[in-house]
Amino acid sequence: MASSLEKGYASTTLDQLEPAPILAPGATDDGRQRFDLRRQLEITSFGIQAFRAPSRVDVIREHDEMLLGEAGQEELYVVLDGAATFEIDGERVEAPAGSFVHVRPTAKRKATATEEGATILVVGGTPGKAYEPPPIEASETLVAYNADDYETALTKQLVVVAKRPDDPIAHYNAACFAALAGRSDEAIEHLRRAVAINERVRELMATDEDLDSIRGDRRFAELAE
């Protein structure tokens, strides 16, 4: 597939694309596939990706778009193939092929495939804000994390921090990778910065096993207060 920057357009099908790496920490391979359309089509103005899953597997895993008290993306789900059952804040929505389901950031949602190969396109953006593509290193860090390569994950995450110095999650993830890599001083410093930007980071610190190696550190206790 030629670059859209070279030709002015790009055209493809999902079957022509390689599935992207699984990014969810601790996720197991249940046959679900993710297609990173935004990166592969070189889209920079909005978020877009697609998911495909076997029957009875969650095509869209349960989540909302709220983080640290701030609303993130609203999302439009388009069922391209097969069918799925959405659960949105406790309500069920049957979605055969051709369905459009729009979900606000605050709503908890998931979608389970009810037919083999159910495929859902996801388009998202934060209301009132221009879309900011995440640094490519942000996905590379999670690939390394899932491979238990914490040194590489930290190295990549430090690039993310340099690009987004005021992002509390960028610092928080750097703290996690540093803690897992045995770099307690670096982990504490990144936690300190994350908490300074958004105090609700403490909610993540309370139960995150990635930080267990520094949980007994006096400095951690002070930050968690």
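How many strands form the open sheet with the order 1-2-11-6-9, and in what sense do they pair? There are 5 strands in this sheet, and the pairing is antiparallel. Keep in mind as we go that this is a predicted model.

Let's stay with that sheet for a moment. Its edges are strand 1 (33–35) and strand 9 (100–103), each of which pairs on one side only. Going from neighbour to neighbour, the strands are turned by 20 degrees against each other on average, if you ignore direction. For a look at one pairing, take strand 2 (residues 47–53) and strand 11 (residues 118–125): they run antiparallel to one another and are paired over 7 bridges. If you want a spot to land on, find Gln 49, which has Val 122 of strand 11 standing opposite.

Now for the other sheet. Here 4 strands line up in the order 3-10-7-8, forming an open sheet with antiparallel pairing. Strand 3 (58–63) and strand 8 (91–96) have a single partner strand each, so they sit at the edges with one side lacking a neighbour in the sheet. The twist from one strand to the next averages 20 degrees.

The strand 7 and strand 8 pair is a good place to zoom in. Strand 7 (residues 83–88) is joined to strand 8 by 6 bridges, and the two run antiparallel. Together they make a hairpin with 2 residues between the strands. One residue to check in the turn is Asp 89, whose phi is positive at about 50 degrees. On the ladder itself, Glu 87 has Arg 92 of strand 8 as its bridge partner, while Thr 85 stands opposite Glu 94 of strand 8.

Before moving on to the helices, a quick stop at the loop between helix 1 (4–7) and strand 1, where you'll find Thr 13. Thr 13 counts as partly exposed because its relative accessibility is 43%. In sequence, Thr 13 and Leu 37 are 24 residues apart, yet in space their C-alpha atoms are 9.9 Å apart.

On to helix 3 (residues 136–146). Which of its residues are buried? Glu 137, Ser 139, Thr 141, Ala 144 and Tyr 145 are. As for what they pack against, the buried residues of helix 3 meet helix 2 (37–40), helix 4 and helix 5. Just after helix 3 comes another positive phi, this one at Asp 148, with a value of about 60 degrees.

That brings us to the helices that follow. Two packed helices are described by the angle between their axes and the distance between the axes. For helix 4 (residues 150–163) and helix 5 (residues 168–180), the angle is about 160 degrees and the axes are 9 Å apart. An angle over 145 degrees counts as roughly antiparallel, so that is how helix 4 runs relative to helix 5. The crossing of helix 4 past helix 5 is left-handed. Helix 4 brings Tyr 150, Ala 153, Leu 154, Gln 157, Val 160 and Val 161 to the contact, and helix 5 answers with residues including Ile 169, Asn 173, Phe 177 and Leu 180. Sorted by type, the residues of this contact are 11 nonpolar and 3 polar, with no charged ones.

Helix 5 also packs with helix 6 (residues 184–197), again at an angle of about 160 degrees, with the axes 8 Å apart. That makes helix 5 roughly antiparallel to helix 6, and helix 5 passes helix 6 in a left-handed crossing. On the helix 5 side, the contact includes Pro 168, Tyr 172, Ala 175 and Ala 179, and among the residues from helix 6 are Glu 186, His 190, Arg 193 and Ile 197. This contact of helix 5 with helix 6 divides into 10 nonpolar, 2 polar and 2 charged residues.

Finally, look at the loop between helix 4 and helix 5, the home of Pro 165. Is Pro 165 buried or partly exposed? With a relative accessible area of 41%, Pro 165 is partly exposed. Leaving aside residues up to four places away in sequence, Pro 165 touches His 171, Arg 193 and Ile 197. Pro 165 and Ile 197 are 32 residues apart in sequence, and their C-alpha atoms are 9.9 Å apart in space.

Notes: Residues numbered from 1 in each chain as written. Predicted model: local features only at pLDDT ≥ 70, side-chain atom pairs only at ≥ 80, totals over all residues. Heavy atoms only, no water. Axes fitted to C-alpha atoms, helices over the stretch in contact; angles between N-to-C directions. Parallel < 35°, antiparallel > 145°, perpendicular 65-115°, else oblique. Left-handed = near helix turned anticlockwise from the far one by under 90°. Contact = heavy atoms within 4.5 Å. Nonpolar A, V, L, I, M, F, W, Y, C, P; charged D, E, K, R; others polar. Pairing = 2+ DSSP bridges. Buried < 20%, exposed > 50% of the residue type's maximum accessible area, 1.4 Å probe, protein only.
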